[in-house]
Structure formats: structure tokens, C-alpha cells
Amino acid sequence: MNAAIITWRRTVGMAKSLFSTALAMAVFFAGAGVSFAFALEMAEGGETPLAVVWASAVSPVLPVLAALLAMDSWSDERRSGRIESLLTIAVRERELTFGKFLGVFTLAMGAVLAFLVSSLAMLSFMAPGALANQTALSFVPGLAALMLQGALWCAVSVFASAAFRHAAAAALTSITLTVLAPRGLWFALMAWAPQGRMAFGEMPLDANVFDLASGIVSTETVLTYLTLTAFALFVSSKFVAAVRLVGRGARALRFSTGVAVALATALAVAAIALFHRTDTTLELPLAQHSGQSFSARTHGILADVRGEIHITAFLSRKDARFRQVGHFLRSFAREAESAGGARLVLRFVDPRWDVAAAERLVRDGAHEDSLVFERGSRKAFVPLAGGFDERLCASAILRVAVPPKRGVVYWTNGHGECSFRAYEPWGMSDIARNVAHYGYRNEPLDLADGEDVPDDCALVVVAGAKSDFSRAEAMRLDSYLRKGGRLLALLSASDAPGIASLLSGWGVRMENAPLKGARTLSGTDVIVSEFSDHPVCEPLKGAQVILEKPLSFTPSAAVDVAGADRVEYTPLARVGDVCVAAAAERGVGTGDDLSLRPTRIIAVGDAAFVMNGQLKMRGNANRDFFLNAVAYLSGTDAMTEPGTEASRLVSGMDRAGRVRFVLVSALAFPALLFVAMAAFVAVGRRRQ
Amino acid sequence: MYEVRNIAFSYSRRKVLRDVSFVVSPGEAVCIVGENGAGKTTLLKILATLAQPDSGLVMMDGQDALARPLKYRRQLGYMGEAPALYEDMAVKDYLEYRAALKGETKKRIRRRVGEAAEMCAVSGVMKSPIRTLSLGMKKRVALADAMLLRPRVLLLDDFLAGLDVSMRNEMGATMASVAAFASVIVTGHEIGDLAKWSTRFLVLSGGLIASTIPAAGLDAATVAARVENALKGAKA
């Protein structure tokens, strides 16, 4: 072991004096920088924690770093003839190999750690929002995952170096073994094996890092990596020893070496099979960061439901959400298993590859980019657009098990409102489907036909009325509100004044105040990220709602009348000092009179904020805001659980910011690093 | 006592060594000479455990050395044909690294390195990077490395090749002084120089030791002439 430590020191020490180390580091930083910037953009607005995004971004570049760092480890010794002087001293080949492996591994992990520090430092300057709720501890599982995988890549790279005299051939072989071969096999499986394609989620190497970085530790994964690392090192040392096996007299030794390698292969395969059969999964307590902490409600639902439920992820593997969906479903299935209730069977259907399965799903009413929950003939669909969470999935499971029944959401029509049945970008079919997932029924409401708002009404939605409400219609609506009705008004500047006067009577006055210093994505929209502690938006803290040229609100004269007529006005969301969404509630001061149902109104200053087109934009919490408003108005719990939304990854970078981040992290910094390291090497050599 | 007994070696179907046997006593410096391709380097590689013989034994103190290679290598010093060193290291760092790798204790490394450096006359370049040294100095460093732990058997392959006259004399003197505590086996073509420092010559030809020429007590020119004759005879 002493020889291993000496060799380790030598390997690390030698790296400091090589230009190739500087180049390897620069290539790694550039590759990982691009990968991280891309991953960050893909994860924007999602629930994947920053630490997991970071580890997943670094993971594919790590084999290249290992290959470049290790390529000289043995091949240079062989080329220069130094291997002879190493093999004539009283040290075992495995000690030397292990020492070289340790050296390469130390350098690789040093680079990973340096990349973590540099990327977080850059984020803290360029996107401080992304670092909200992050602690150094949350990156530990990701680092551990990279260490585990990095150890294997380093061992394979040392093996490749032991097998070739030329460093380039060693690096190429290493990259072939660690990147091209596994990913090529994966693509082959995806292309030619429909069953395999549907059974597997993402590429196992990527999935392993994602799961481990999320705090889900599978003994099978850990032990398999360790076994393969040990196996690669064993074979490496045999390749080094093979230098001695020249001449006819070494036949017996060659045979025994071959037998030893064959036995080690068989042993490794048997061990991996055993690990697979005895797999135990532990979940580290990383609740607020893993994004996979399941609420007591979800746990309860999963525990109560019995039998087998099939969940099909119906989306393209090229979709940026695929990895997150796969990880989420695996975690969800594990949660169900630990709850001892329903058994969740996962399946992945790519609409481009699995045409037959996709056709069947479409026939059943599923849309692409959705999760399909099936139990017998009962089905529930959860669209993935705009984000999904465990609450939606738990509700879907509940629906396929015991369908809930809630009230009816009435959507007014006849005044140019957005239709909840329209699938066009300006329609609201998407959000209406979400509402239906929670057990509500969506119905149109035509107040002009002389009928009052039906009794089964949970709430009325006025989604951007362009023509005025008639006096009779306004009276019917007002009358409904006076009986403790609930109104969700989505307003825009073009709205007719009728609804404005109605709202004014209930404490909410519309204005068109200028929004100073508002942040924007496209120039016409406004990023809203200041939320009050109201139940509707409290869970959204840390997230962003995007509104298009929003109206503003102030309290009207109707606010704060005493007794049962007391109206309480609450600003929900602000841009600076301007309120762009408000809530009003009458009857909150009634004290003991619990039988009185309070009137509730929520007004949002943008009629289009949950249109289909708007919901397709990533990185906003518009859908959640609307669903929470529906839940609050209908008197149920917020649909988005506090704590879940806060874990959304919001970098707050606009397009220019993203370009800057890519330029700095993938170009400027690696270039600077290379120059600095090369100068260090040059100065060192000159001093000598 | 170091004994090579009936060593045979072949690459695939080409027999390089047929039956090589000789004995080297402590304090002896035996020089193996032969034409190019006679098998000198191969023989030294077998003795250094870098190749496996088809048959034959290497005995050390009456025991089969190749059967317990780790123990054998502890008593072995080997210097290859070309000095293969870590060019980026300073001489002192290199020798200390090699001494540590060979298992020398931390306390004794400095002393061992000092002794070897003194003996091989590299004390003056201890802080110089190896890449800046001449071939002769590199060979000295390689020799210092080979004799760091005072091996009982020192194998030097073609170690005077490429050196000028004064350097050959200095290296030869060093070799002779090493022979005071080790059995030295050396190969080379510089018969005139080697004759000054060797105690015996073995002429390797046709895979066998064709003749043995004692050199102790004789002047170098006479020995060289005998060896040349033996080589010619073996060739004929």
C-alpha cells in the first residue's frame, strides 16, 4: 500500500507539470459549462433541484476528463520504457495500478470540486435566484454520485492506458468504453427493442446520477459501480503484468492470467446479479431539496389504494422533461411500495418510436406529453405541460381508484370571453383540463338567458370579457356573490367597464398604473415574483408568474365596512408597489356566525395568463396560481402544497443573461483557466 | 552465490537462448559479450524477471529466485539499455521517489540517496531537472537508481553505449566499486573499456555461452584481444 501512496503522489505531482493536464481541465470546464448552462435552461421552472441539475450536467463530461487525465498514466511508462524499471522493483503491479488510479481520481475529483465552486460563484453573480434555498449540504449527494461514477471512469481509463503505448489510443479507447459503447448500446436498444424501450426510462448511467444526487441510494447501484471499478483495476494490473509475458515460456502464465481475468469477469457478473436481487433503496432526508418529498396526503392515498396501477409516461425521450419525469415516477413507485398500498407499474412510450402503443393511448384519449394512469378500464391523464407534481399524480391515482366529485366551475360566455373548450393558443382548454383533474366539472354559463347561477356552482370564472355585461347579467352575478358566491375574474385593459364596476362594489378597483422597473422576458410581458402570504400565492414564493401588460388594482371604497358586510382586500401579487392580482372577501368579520359562507373574489390583471399558448411557456407558475385560486375560491386546500413550489428552480435569467452565462462558464472561464495553468506549468519548467 | 542454470528462451519459434549457464560470485563483475541479436538483452531481461524462460533456473543462495520474484527483486538492481527516467523531476527528487517506491524507510532514504549519488558522481546535479542532463549524466542517474538499496545482484544492459571515453572510464570505475558489495552482470560491445573493470567475460553465441575468458590479473589489452578472438571464433 505504501507503493500505491507513493505512486499516487507521483501521479498528482506529475500532472502539475504537464500542459496536457491544463488542456484536460479546460476541456472539462468548457464541456461541463455548456452542459450545465443547457441543463439549467431545461430545468428552469421545474422541480429538479439545482444540485441534481448540476450533477446530471457534469456526469456526461466526466468520462472525457478521466480519459484525458489517465491517458498517460501507463502508456507513457510503456512508451518511454520506464515500465521496465517499475517492474523490476519489489512492488506488485496492482499496487502501482491502484496508485495511478488514485492519482487520476484525485485530479478528476479536484476538477469536479473546482467546477462546483466556480459554477456556483458564477450563478451567485448572474442568477442569484437559482441559489435560493440551496445549502452546501444539498450538493453532497451529487458529489458522491459523481465520485462513484468517476471512480469507474478513472479505473476504465487507467485500464485503457495500460493496454496501449500511445496516449491518444488510450484516450480514444477509454472514451469508447465509457461513452460511445454504453450510449451506443442504449441507442441500439431504443431503436430495436420496443419492450426494452418501454420498460426503461432514461439511460441508466444518467438515471443513476440523477437518483443518487436526489438522495435516493440504491445498494444495487452503489455496489455495482464499486464492483466494476475493482474489476477494471484488476484487469488493468493484469495488463501491466502482461509486459512480462513475452516468449514461449510465458505460456503457462498467459493461460493463468486469462483464467484469472475470466474468473474475475464471472465473479463480477455474479456479484452484480446478486446485488440486483437483493437491492435495497434508501432515501436520504433531503426533503426540501430533492423535489421528491411526498406529502402525507400522497402517502395516505398511495397506502389506501390497492391493486396494480399502470402509469405510462407518454412523451418523447428527447423532451427536456423526460429525465425528470422518469426520476419522479421511479420515486413515486418507491413511495407506493414503501406505503404498502398500490403497486405502480411504469412504462415509457415515445410517440415517435412506439407507434402502436402511442396509437392505443391516443385512442384512449391521451395526449402527447402526459402521464396516463390506468387501472382496469379507468383512466386518468395528467398533462406535463407547465409542470406536474405529486399532488396531481396522487389525484390521478385517486381518480382511477375512487373518482372524487366536486362542484361545477362555470365559465361565463357571450361577452367575448376565452373559451375553456378552445384548443387554440388563445383558448383555455389546457387549464380547464387541469381543473377537471381535481374533480370539478367545467360548464359554460350564459347569464343572458335569464337564469341565475346554478346552486352546484363552485365558482364563476370570467375569462376576459370583451363586451359589457348587461345590467340584468351583472345583477344576477352580484346576487350570486351576495349569497356567498365565488368569482375569479381575469381582466385586461380591453375589458368592458361592466365587470369593473361590479368588482368595485366588492372592494377591488381596476387601474392602469405604469409598472416601473418591471423585469421582462420578451419586452411586453412582466415577471411577477413578489407574492403576499395569502393562501393562493403563499406556496408560490420563489416562483414566477408571467403576465402580459397587466392591469393594476387598488382597494375601492367598499372595503372595510363593519359587521357581516366587512370586505377585506388583499393584494396577492405585486410588481414593485403596483398590485397586479388581488383578492377580496366579504363576511370575514362575522365572528361566531360560522354558517355564513363568505363571498370571495379574485381578480387577476391579465385575461390571457392561463391561455393555452401562455401555459406552454416554461418557467412560470401561472397554472399553479390559477389552480390555487380555484381551490381557494371553492373552499378546498391549495392544490399546490406549500414547500413544493418553493423548491422550483428559478434562475431569473433572461435571454441575454443566459447567453452571458454560457459565454462566461463555457468559454471565458475555461480559457482563463487554461492560460493560468499553462503559465504555471511554463513558469515551473523555466525555473527548473 | 548467483547461478544461472540451463536457461532457454524463444520468441514463438525462434530460439534465442538454448542453454545458458554460469555462476557469479559476490565481488565479481561478469561481462557478457556477443554479436547483435545474440540474446544478451533477453538474458538480462530474464534475470530481471521481465521475461519468462522456456526452461532453466536462476538460483540465489541455492534457492530458485524466479519462483519467489518479489523476494528476488528486493535484492536486484537493473539498468536498462536506455536510461528511462522521469524527465520532469530533479535528480534528488527522482532518486528519493525511487528509494521510497523500492520500500526504503523514510529515515534512511536521504542516506541511501546520498551514498548512491556520491558513488555515481551525480551529487553536483542533484537539483537539476533530469531533462537538462546529458546522456552520460542520465546514465549515471539510472545507475544510481539501480544501486540505491545496495542490491546483491546488479544487471547493467549495454551501459557504456553512447558515452565518450572519459565518461566510459568513470562509469566503469563506478561499476567496479559496486562490485565490492554485489555480483555485477554487464553486457556491452565496448570490450576494451569493459576489460579494464570486469573480472570475467562470457561470450554468448548461438544461444550458448561459447567461451569464458578470465580477466582478473591480466591487462585490458590482452583480455580485449582474447575476447575479440573468441567472438571471431564463435562467429566462424
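Which residues make a nonpolar surface patch of about 330 Å²? Keep that in mind as you open the structure, which is a predicted model.

**Stop one: the patch on chain A**

Select A:Leu23, A:Val27, A:Phe674 and A:Val675, and show their side chains as a surface: these residues make the patch. Next, colour two helices of chain A, α2 (19-43) and α24 (655-687), since each supplies at least two residues of the patch. If you would like a starting point, click on A:Leu23, which you will find in helix α2 of chain A.

**Stop two: where the chains meet**

Now bring chain B into view. On its side of the interface, 31 residues are in contact with 31 residues of chain A. Between the two chains, about 2,800 Å² of area is buried, and carbon and sulfur atoms give 56% of that. To see where chain B makes a good part of its share, select B:Leu50, B:Tyr86 and B:Leu101: this trio supplies 23% of the area that chain B buries against chain A, more than any other three residues.

**Stop three: polar and charged links**

Stay with the two chains and look for pairings across them. There are eight residue pairs in polar contact between chain B and chain A, both partners being at pLDDT 80 or more. The count of salt bridges between these chains is two, while the structure as a whole holds 35 over all chains.

Zoom in on A:Arg10 and B:Asp88, whose side chains meet in a salt bridge with N and O 2.7 Å apart. A:Arg10 sits in helix α1 (residues 2-15) of chain A and B:Asp88 in the loop between β6 and α3 of chain B, so this pair joins two chains. Side chains of opposite charge can pair when their charged atoms come close.

**Stop four: the face of chain B**

Which elements of chain B should you colour on the side that touches chain A, each supplying at least two residues? Pick β1 (2-11), α2 (69-73), β6 (76-79) and α3 (91-101) of chain B. Of these, α3(B) gives the most, with four residues. Finally, colour this side by class: you will find 17 nonpolar, four polar and ten charged residues.

How values were computed. Residues are numbered from 1 along each chain as its sequence is written. Chains are lettered from A and ligands numbered from 1 in the order in which they are written. This is a predicted model: local features need pLDDT of at least 70, side-chain atom pairs count only at pLDDT 80 or more; totals for chains, interfaces and linings use all residues. Side-chain values use heavy atoms; hydrogens and water are left out. Contact means heavy atoms within 4.5 Å. Buried area is the accessible area (1.4 Å probe) that two parts lose on being put together, summed over both. A salt bridge is a side-chain nitrogen of Lys or Arg within 4 Å of a carboxyl oxygen of Asp or Glu. A polar contact is a pair of N or O atoms within 3.5 Å; within protein, one must be able to donate a hydrogen and the other to accept it, and residues adjacent in sequence count only if both atoms are side-chain atoms. Ala, Val, Leu, Ile, Met, Phe, Trp, Tyr, Cys and Pro count as nonpolar, Asp, Glu, Lys and Arg as charged, and the others, Gly among them, as polar. Patches are made of residues with over 30% relative accessible area and no salt bridge: like charges are joined within 9 Å, nonpolar side chains (Val, Leu, Ile, Met, Phe, Trp, Tyr) within 5 Å. Accessible areas come from the Shrake-Rupley method with a 1.4 Å probe; for residues, only the protein chains shown count as cover.
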